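User: I've got a protein model to look at, and I'd like to know how the labels get decided. Can you walk me through it?

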Amino acid sequence: SNPFEVKVNRQKFDILGRKTKNDVGLPGVSRSKAIKKRNQTLLKEYKEREKTNVFKDKRFGEYNTKITPEEKMIRRFTLERQQNYGKKNIYNLNEDEELTHYGQSLAEIEKLNDIVDSDSDTEERGTLSAELTAAHFGGGGGLLRKKVPSEQQDEEEEKPKSRKELIEEMIAKSKQEKQERQTRRESALELTEKLDKDWKEIQTLIARKTPKSERKDKEVEKPKPDEYDMIVRELGFEMKAKPSERLKTEEELAKEEQARLQKLEADRLRRMRGIDEEANKKRPSHMSADDLADGFILDKDDRRLLSYKDGKINIENEEEKGDEGEEEEGDEGEEEEGDEGEVEDNENEEESQEESASEDEEDDAADGHSDLESDLDSEGEAAEDKEEKKHKANENQSQNVEKLDPKREAAKSELPYTFAVPESYETFKSLLAGRTIEQQLVILERVQKCNHPSLAVGNKAKLEKLFGFLLEYIGELATLDLPQLRSIDKLVLPLYNLCQMFPEAASDSIRFILRDAAHDLEEVIEVKGRATLPGLDTLIYLKIVSLLFPTSDFWHPVVTPAFMYMSQLLTKCRITTLQDVIKGLFICCLFLEYVSLSRRFVPELINFLLGVLHISLPKSQAQGYTVVHPFTPVGKNLELLLVCDKEDLKSWEKQNVPLSIVTRLKEASRTEINHTRLSCLALCFDLIKKCAALYESLPSFHEIMYPVRILLTQHIPVNEYPEKMQEWYHSALKELENKVKHYTPLICEKKKPVPLKQYTPKIVKVLEFGRKQAGSKKEQERKQLIQRHKRELKGAIREIRKDNQYLARMQLSEIMERDAARKRKVKELLGSLATQEGEWKAMKRKKWKN
């Protein structure tokens, strides 16, 4: 072998689990090995495909004792017949089976009885006579053996007809049949036409109008329309959907609102100044002699009734009535139009009147000079008429002013429709001074609408200042001797609207107030060592915080400082008076409102409620428990809520404790003060009940509420309180005692705790250099399996193709071997025949010679 033809497959690294190819080999070695392997396996299976080395008795039912011999024979016969219809005997025509084509016997089809005569048209289409079939397809033998009666059979046999005579006879017969069919068809058509004509003649005689009664009956008898048809018709008449108008943006709405308010303000100013626009509009203008009156329109009937006074025609009264009617119509037009007025000054009105008067003079002068035949007398008369007109105009104007005076007063009393944003708090305060709360709300609303941020550049900064002014105004209302809490409640709405428009500015303003309040509290504690609860303005600011901002957030830039400030108030401010108790309970209510959604635990709240119960006990019973600052176990501030007067206990009724009562306690009587104390105690019971419902899910609920439960069950004199107070007491105690423990004691776990999930680095397998395979590990494994499956499938298809080619070669070689053997045998036979023929010829020649 040539060493240069040796093929060497080298590998750089040995990889475990990978199949290695032949390291060293000659060209074609692998192919010869594959052929050798197929010879040992595939060729062997191919040669032994129909051979068996085991003899099996496959006779049906041979060893089945349940079947009778007759049934066995019948079954075996059917199986044998079925085998004859197998693939091996499909083309074996030596059997006696009847061959079919589309369900028809081939023997019947060969008779060709269904040939269609092209001359025949409709009725007897496809039916051919036996003579025609035999003549064309039977070779003419049948025609020579035509059936005849037995008497003439001998004569006909002696004189047979020729083929030409038979064909002529057949043609004549077919023509005759065709003629008969045509005549029958024509006669049928004539009869139908005659019948139609006769029916039309009879129908004219039969036709008559049905009476109305029968028509009504027929109409009544009409079938009702189907329910489905009715629904379809209704759907056809239904209104189709129409596109709605586009929703306007906030800027468009603000512009429309500003334009509306400006029109209303212009109309108010016009009515306040007494300007009659309708009269000015309807005042007739001067018409020159050259005017053709092309634009004349008859608006109303100007005809006057003819009247006489002292023997003369009464013209002045009619003119006065006309002027009064015009004034009344002008007033009505002003009231109806309202929004369509324009702002004008009195000075402009006077100037317009003077200009119109001067125009009248010039026009009159022009008219006077245009007439060449005029004289001094006519000029004098014109001057007199002019003076009279001026006098009448002044009188009419004075009458209009008198009529418009009530309207002026009403317009002055109305609120302006447009306002500018005040630049300072004094301006803001003067804007709202002397107004009712409803008017103040209207003013604030109009200020916001007329100065919307989308209308001008500087409006945003102005409205942000307005929020601070409104906060300061609310605080001032709260610090009055009689605080206007209802007005403050209604002013929260515009405050909320401004907060929604400018949340950052609103939060900055309220944080500034809370920061100052907390700073003042710390200064007072540093100086005096103790502090008092703040005034109503600060408490109202804390309430406003819960209305303007979300209190359920874990941390909020406004709510969280307010939360801390309230906690400091309940822990650092001493409770020395009944007013302090009321303020502290108000803060407790605020705490519950703040944490109603987040359910955050507030220890200062529970501590303060415990202190309120402590100051409601007599000094003799205030022992056996501990209290926390700002409450003390001993001192002069005890018994703030203790009521010893039995008459006041009997006359007490449950009522809400208003915050404004803080400023009125100094002027209240002793009975009213006692009733207020009892109301505070009832409110304390109610807050304890709400706290129990709020914190029932806490694991340490019983430990938290334990001091309160001990104080309620062992120290409070329940029997001395009124019946309604006892009901509040028992409901609070029941809420505390009926709570089930929602926690289990801590025990060591039997199993090892599951470690926390660590942030492990993400390892991406790079299968190709410079390319990362996207996806997770499972996706990469799935892609690898798909690739492997494709590779194996391609290999299997390649091997199957090679196997088929190998088998085809084997079959071709077998066929060639059989053909070669056949040719060899044929040659041998032909050679033997040739020798035999030569021997026979030689023998024959010898015979002829002999």
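Analyst: Sure. Helices are runs of at least four residues and strands runs of at least two, numbered from the N terminus. By that rule, the protein chain has 30 helices and six strands. Keep in mind that this is a predicted model.

User: What makes leucine 830 exposed?

Analyst: The label exposed needs over 50% relative accessible area. Leucine 830 has 53%, so exposed is the right word. Leucine 830 lies in helix 30, residues 777-849, and together with Val826 and Leu833 makes a nonpolar surface patch of about 270 Å².

User: And why is lysine 724 called partly exposed?

Analyst: Buried means under 20%, exposed means over 50%, and partly exposed is what's in between. Lysine 724 comes in at 44%, so partly exposed it is. You'll find lysine 724 in helix 29, residues 723-737. Leaving out residues up to four places away in sequence, lysine 724 touches Trp652 and Glu653.

User: How much of the chain is buried?

Analyst: Buried residues are 26% of the 850 residues in the protein chain.

User: How do you know that cysteine 680 has no bond to the closest cysteine sulfur?

Analyst: A disulfide is a covalent bond between the sulfur atoms of two cysteines. To count as one here, the two sulfurs must be within 2.5 Å. The closest cysteine sulfur to that of cysteine 680 is in cysteine 684, 9.5 Å away, so that's too far for a bond. Cysteine 691 tells a similar story: its closest cysteine sulfur, in cysteine 588, is 7.8 Å away, too far for a bond. The count for the structure is zero disulfides.

User: Are those two cysteines, 680 and 691, buried or exposed?

Analyst: Buried, because the cut-off is under 20%: cysteine 680 has 1% relative accessibility, and cysteine 691 has 0%.

User: What makes phenylalanine 601 and tyrosine 695 an edge-to-face pair?

Analyst: Two checks. Ring centres have to lie within 6.5 Å, and the planes must be over 60 degrees apart for edge-to-face. This pair has 5.4 Å centre to centre and 75 degrees between the planes, passing both. Phenylalanine 601 is in the loop between helix 23 and helix 24, and tyrosine 695 in the loop between helix 26 and helix 27, so the pair ties together parts that are 94 residues apart in sequence. A search of the whole structure finds eight aromatic pairs.

User: Why do glutamate 256 and lysine 248 count as a salt bridge?

Analyst: Side chains of opposite charge can pair when their charged atoms come close. The cut-off is a nitrogen within 4 Å of a carboxyl oxygen. For glutamate 256 and lysine 248, the closest N and O atoms are 2.4 Å apart, so the pair qualifies. Glutamate 62 and arginine 59 form a salt bridge as well, at 3.4 Å. In total, the structure holds 16 salt bridges.

User: Which parts of the chain does the salt bridge of lysine 449 and glutamate 257 link?

Analyst: The N to O distance there is 3.3 Å. The pair links distant parts of the chain: lysine 449 sits in helix 17 and glutamate 257 in helix 11, 192 residues apart. Lysine 449 is partly exposed at 28%, while glutamate 257 at 18% counts as buried, because 18% is under the 20% cut-off. Both belong to a network of salt bridges that also has Arg260 and Glu445.

Definitions and conventions. Residues numbered from 1 in each chain as written. Predicted model: local features only at pLDDT ≥ 70, side-chain atom pairs only at ≥ 80, totals over all residues. Heavy atoms only, no water. Buried < 20%, exposed > 50% of the residue type's maximum accessible area, 1.4 Å probe, protein only. Contact = heavy atoms within 4.5 Å. Patch = residues over 30% accessible without salt bridge, like charges linked within 9 Å, V, L, I, M, F, W, Y side chains within 5 Å. Areas by Shrake-Rupley, 256 points an atom, 1.4 Å probe, with all protein chains shown as cover. Salt bridge = Lys/Arg side-chain N within 4 Å of Asp/Glu carboxyl O. Phe/Tyr/Trp six-rings, centres within 6.5 Å; stacked < 30°, edge-to-face > 60°.
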